[in-house]
Amino acid sequence: MTNEVALSKFGFISIFPEMISALSDWGVTGRALREGRYSVDTIDPRDFATDRHGTVDDRPYGGGPGMVMTAPIMTAAVERAKGLLGDQAPVIAMSPQGQVVDERLLISLLKQESLIFVAGRYEGFDERFISRSVDIELSVGDIVVSGGEIPAMLVMDSLIRRIPGVLGDELSAEQDSFVDGLLDCPHYTRPEIFEGETVPSVLLSGDHARIADWRAAQSLKRTLERRPDLIAESDLSEEQGSLLARWEML
Ligand code: SAH
């Protein structure tokens, strides 16, 4: 695993900045914030509205349903974020039309010191804001949700847990699915027998080399069964073939 992590500062631009608490207050990402392993500055585009109502959107040219977040207001919000985080911070706008996030992209994002995430609402952003101020349009998959906050936090969470020291057990991020290009192996904990079903005996053997071998074989088998698209175009390597054969999984 490449361990070049520079990332520690996030900007979160949203008309619902309090939503960040789902990330900043809970679990591993909450603890990491309290420990100062990363910071988040929230920016509310409404602060840059010019009317009393804090309007950030307007009707679409050409007609049709929905509203569009305006270029001047979103640009001002990004400028504020850059003032806080630095001009070099890449601006990532969440959009179902963006590149779909994956492990490779996450690794490249971890090399940045700071990132600015922009959550859309309504029909999304004026296209001129995207072309002038946004570096990456990022999607979390071929589904549409009602705002970019949850997609942005989904990506931020996955980045934060890769910052060294965030996960209690340093090894656990390396063993996660996708990190080595494969799905994770199955996990078991007590009780040893649940409704008549026992834990695979190898896991009780105390033979750590054999356990590691079984887990590697399980990872490979799962990936072949569930996500054959993740295995490189070519067939199994000789080594992978013999791994599966050892455990009679071929
Ligand atoms: N009319 C837009 C969708 C707007 S949904 C379109 O069809 O492209 C409102 C906001 O939710 C978007 O601006 C975006 O920030 C966020 N969003 C919705 N689906 C998303 C997805 N799959 N990935 C990332 N962000 C998404």
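In this predicted model, 19 residues surround the ligand, and of these Met94, Gln97, Gly120, Glu123 and Ile143 come nearest. Three of the five also place an N or O atom against a polar atom of the ligand, as follows. A backbone N or O atom of Gly120 lies 3.0 Å from a ligand oxygen atom, whereas Glu123 presents a polar side-chain atom at 2.9 Å from a nitrogen atom of the ligand. A ligand nitrogen atom is likewise found 2.7 Å from a backbone N or O atom of Ile143. The ligand taken alone exposes 560 Å², of which the protein buries 87%.

The nonpolar interior was examined next. The largest nonpolar core comprises 26 residues, and those with the most contacts inside it are Phe10, Phe117, Met156 and Leu159. At least two residues of this core are supplied by each of strand 1 (9–13), strand 5 (91–100), helix 4, strand 6, strand 7 (136–139) and helix 6, with helix 6 giving the most, namely 6 residues. When its neighbours within four places in sequence are left aside, Met156 is in contact with Phe10, Phe12, Ile20, Leu23, Val40 and Phe117. Apart from the largest core lies another, of 23 residues, which includes Ile15, Ala81, Leu85 and Val134. Such grouping follows a general pattern, in that nonpolar side chains of soluble globular proteins tend to be buried together.

Phe129, a residue of helix 5, has a relative accessibility of 0% and therefore counts as buried. Beyond its neighbours within four places in sequence, Phe129 is in contact with Ala71, Met74, Thr75, Val78, Val118 and Val134; the last of these, Val134, is among the residues of the 23-residue core. Between Phe129 and Arg52, by comparison, the separation is 77 residues in sequence and 23 Å in space, taken from C-alpha to C-alpha.

Charged side chains form 9 salt bridges in the structure. In one of these, Glu103 pairs with Arg162, the closest N and O atoms being 2.8 Å apart. Because Glu103 lies in helix 4 (residues 103–109) and Arg162 in the loop between helix 6 (149–160) and helix 7 (171–175), this pair ties together parts that are 59 residues apart in sequence. Both partners fall under the 20% cut-off for burial, and so Glu103, at 17% relative accessibility, counts as buried, as does Arg162 at 9%.

A second salt bridge joins Glu149 to Arg121, again with 2.8 Å between the closest N and O atoms. Here Glu149 belongs to helix 6 and Arg121 to the loop between strand 6 (114–118) and helix 5 (127–133), so that parts 28 residues apart in sequence are tied together. Glu149 and Arg121 are both buried.

Salt bridges that share partners also join Arg31, Glu35 and Arg37 into one network. Within this network, the closest N and O atoms of Glu35 and Arg31 are 3.8 Å apart. In contrast to the buried pair of Glu149 and Arg121, Glu35 is partly exposed, with a relative accessible area of 43%, and Arg31, at 34% relative accessibility, also counts as partly exposed.

Note on methods: Residues numbered from 1 in each chain as written. Predicted model: local features only at pLDDT ≥ 70, side-chain atom pairs only at ≥ 80, totals over all residues. Heavy atoms only, no water. Salt bridge = Lys/Arg side-chain N within 4 Å of Asp/Glu carboxyl O. Buried < 20%, exposed > 50% of the residue type's maximum accessible area, 1.4 Å probe, protein only. Helix = DSSP H or I, 4+ residues; strand = E, 2+ residues; numbered from the N terminus. Core = buried A, V, L, I, M, F, W, Y, C linked by side-chain atoms within 4.5 Å. Contact = heavy atoms within 4.5 Å. Near = heavy atom within 4 Å. Polar contact = N/O pair within 3.5 Å; in protein donor to acceptor, adjacent residues only side chain to side chain. Areas by Shrake-Rupley, 256 points an atom, 1.4 Å probe, with all protein chains shown as cover.
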